[in-house]
Amino acid sequence: MPGNRIGSIRSRVIIIGAGIGGLTAGALLAHKGYSVLILDQAIVPGGCASTFKRKGFTFDVGATQVAGLEPGGIHHRIFSELEIDLPEATPCDPACAVYLPGEDTPINVWRDPQKWQEERSRQFPGSEPFWELIAALFKASWEFQGRDPVLPPRNIWDLWQLTKAIRSSTFVTVPYTLFTVGDALRAYGLIEDSRLKTFLDLQLKLYSQVSAEETALLYAATALSVSQLPQGLFHLQGSMQTLSDRLVSALERDGGKLLMRHTVESIKVEKGKVTGVVIRNQKTDEVWTEHADHVVANVTVQNLVQLLGKKAPHGYKQRVQKLPPASGAFVVYLGVDESAIPVGCPPHLQFMYDANGPVGENNSLFVSVSRPGDGRAPTGKATIIASSFVNLDKWWGIDDYEELKEHYTNEAIAHLAKFFYLKPETIIHVEAATPRTFERYTARDRGIVGGIGQRLSTFGPFGFANRTPIKHLWLVGDSTHPGEGTAGVSYSALTVVRQIESQKTSSVG
Ligand SMILES: Cc1cc2nc3c(=O)[nH]c(=O)nc-3n(C[C@H](O)[C@H](O)[C@H](O)COP(=O)(O)OP(=O)(O)OC[C@H]3O[C@@H](n4cnc5c(N)ncnc54)[C@H](O)[C@@H]3O)c2cc1C
């Protein structure tokens with residue numbers, strides 16, 4: 001703790017955004033003795049992993065399942081360091097039940113590795129060599145990530161951390177750095193297996209934003225393996241909000257401060273170094289500048305460039321402008337009578353409807369269903385949340401926004417009604433979120449979700465670094481390695497905290 005003081009004054013860190021990335025960074029820094037102030041424009045913390053309440057139902061806004069709760073998992077590690085209890089959770093088994101177009105029995109992504117191997121051998125005969133490669137790459141990548149590499153490295157300290165994480169076992173991954181999943185399928189003669197390809201497209205799009213053809217193989221290895229023991233996906237008791245709530249309590253216990261409904265309007269930079277932020281209190285409209293030794297931006301990289309305005313380095317800005325189009329999400333939230341839910345319904349399902357249509361745009365839905373007693377619905381009732389990736393351009397600059405939203409909502413309900421018993425008498429509440437809704441509630445540029453995509457050009461070593469070109473300005477969240485998800489953004493927060501810690505001596509200067 002003394003190391004975080006310049007003389008008797010503690011280093012001051014301002015964090016823009018109380019998403020899981022910002023809260024994790026803030027709680028860890030406060031625990032290490034930094035003076036932390038987190039500002040968020042929304043009403044409740046948690047960003048894409050927060051909740052809202054209607055008619056006795058609690059709906060998870062975006063994230064509904066959590067990775068990294070097992071011993072050694074990133075949330076587990078961080079909660080242990082903060083000395084707070086992990087939220088109560090139940091493992092998802094199957095992690096997902098995937099219904100391919102025209103099929104009425106699902107592909108169950110079982111938690112038990114042996115059971116999952118039997119399932120996929122039955123579902124996709126001849127594909128085992130591909131899965132063996134995925135398993136080998138996952139093992140090496142997971143061990144590597146567990147040694148906290150800094151990716152991509154931007155200075156000698158980062159490079160040192162990266163080098164320290166490499167072992168001889170890591171080299172197995174090197175030849176595959178420039179492979180996509182499509183390349184691997186071709187190498188194994190599986191590219192014509194349309195069932196396998198559709199299954200991979202559906203599962204990978206959830207994590208990587210792009211199809212199997214485009215997803216970096218090393219990223220896919222983790223996304224396709226993390227649902228099995230000894231890792232696994234979990235459903236939180238209560239709601240996703242419990243994750244944020246516990247981080248906020250750790251932050252405040254350690255003297256940190258969170259101000260909701262406070263928007264950061266710009267980041268101040270002098271001589272290439274961050275000096276503070278301009279804040280607007282939404283309730284009073286008061287605007288002021290707050291000094292900081294470090295600023296951690298828990299925003300998208302597109303928002304970061306906007307916050308920097310003219311101070312955004314030219315090359316950085318250009319790189320952001322040249323990024324491939326990001327995804328938006330359309331989400332429908334249903335509060336229903338429990339008679340709408342089939343007996344034995346798994347907590348997460350994925351459906352694709354038209355085999356010739358796109359993955360996304362309501363043609364595929366990722367569905368999360370509450371369980372009796374999980375805190376999301378009153379007794380005898382349940383929540384169904386269905387999301388689909390959508391093209392952002394469709395939702396901006398249009399006159400018929402309300403019509404489009406209604407059309408998407410009705411279409412999603414009609415699709416869901418093929419599996420759930422959805423009738424006027426079983427539907428109690430209907431609400432939908434579009435990219436415009438996400439823009440309004442999370443301030444993410446144009447309502448983009450899920451980060452910059454895990455293509456070869458943007459994943460891991462080729463992505464955006466946590467260390468920005470501006471001194472003492474850091475980027476956390478799903479625009480950075482290792483990508484989207486509450487577990488991913490927690491890794492990015494941990495990296496930034498270590499980077500700030502490594503600069504203790506330079507902040508004296
Ligand atoms: C529909 C959907 C489903 C998903 N499902 C899952 C899932 O099941 N499991 C999973 O792990 N992940 C899931 N994700 C992804 C996951 O939710 C996100 O990757 C993660 O929560 C992002 O966290 P973050 O900290 O990077 O940023 P965010 O959650 O975007 O938080 C950023 C915060 O910063 C605030 N902010 C932004 N700009 C400013 C500003 N200028 N001033 C003040 N405050 C500002 C916002 O209000 C927000 O609270 C899903 C996402 C979506 C959209």
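Mentor: Before we start, one term: helices and strands here are DSSP runs, numbered from the N terminus. Keep in mind that this is a predicted model.

Trainee: Okay. Which helices and strands each supply at least two residues of the shell around the ligand?

Mentor: Helix 1 (20-31), strand 4 (35-40), strand 13 (262-270), helix 13 (435-442) and helix 14 (486-502). In domain terms, domain 1 (2-88 + 239-323 + 452-508) and domain 3 (327-445) each give the shell at least three residues.

Trainee: How many residues surround the ligand, and which are the closest?

Mentor: There are 36 of them, and Asp 40, Gln 41, Cys 48, Gln 65 and Arg 444 are the closest. Sorted by class, the shell has 16 nonpolar, 16 polar and four charged residues.

Trainee: What about polar contacts? Where should I look for a backbone partner to an oxygen atom of the ligand?

Mentor: Look at Cys 48, where a polar backbone atom sits 2.8 Å from a ligand oxygen. Val 264 also uses its backbone: an N or O atom there is 2.9 Å from a nitrogen atom of the ligand. For a side-chain case, go to Asn 298, with a polar side-chain atom 2.9 Å from a ligand oxygen. As for cover, the ligand taken alone exposes 1000 Å², and the protein buries 92% of that.

Trainee: Now the empty space. How many cavities of 30 Å³ or more does the structure hold?

Mentor: The general idea is that rolling a probe the size of a water molecule over the atoms shows where empty space is left. Here you get six cavities of 30 Å³ or more, and the largest cavity has about 80 Å³ of space.

Trainee: And where does the largest cavity lie?

Mentor: Its lining takes residues from both domain 2 (110-228) and domain 3 (327-445), so the largest cavity lies between them. Among the lining residues are Leu 202, Lys 205, Phe 366 and Phe 389. Helix 7 (194-208), strand 19 (364-369) and strand 20 (381-391) are the elements that give two or more residues to that lining. By class, the lining splits into six nonpolar, five polar and one charged.

Trainee: What volume does the second largest pocket have, then?

Mentor: About 600 Å³. The second largest pocket has 25 lining residues, with Phe 52, Arg 54, Val 61, Thr 437 and Tyr 441 nearest its centre.

Trainee: Which element gives the largest share of that lining?

Mentor: Helix 13, with six residues. Domain 1 (2-88 + 239-323 + 452-508) and domain 3 (327-445) both contribute to the lining, so the second largest pocket lies between them. The class count for its lining is eleven nonpolar, seven polar and seven charged.

Key:
Residues numbered from 1 in each chain as written. Predicted model: local features only at pLDDT ≥ 70, side-chain atom pairs only at ≥ 80, totals over all residues. Heavy atoms only, no water. Near = heavy atom within 4 Å. Polar contact = N/O pair within 3.5 Å; in protein donor to acceptor, adjacent residues only side chain to side chain. Areas by Shrake-Rupley, 256 points an atom, 1.4 Å probe, with all protein chains shown as cover. Helix = DSSP H or I, 4+ residues; strand = E, 2+ residues; numbered from the N terminus. Nonpolar A, V, L, I, M, F, W, Y, C, P; charged D, E, K, R; others polar. Domains from an automatic or database assignment. 1 Å grid on protein atoms, 1.4 Å probe; cavity = no way out; pocket = protein on both sides within 12 Å on 5 of 7 lines; lining within 4 Å. Points joined across faces, edges and corners; volume = space filled by probe spheres on them.
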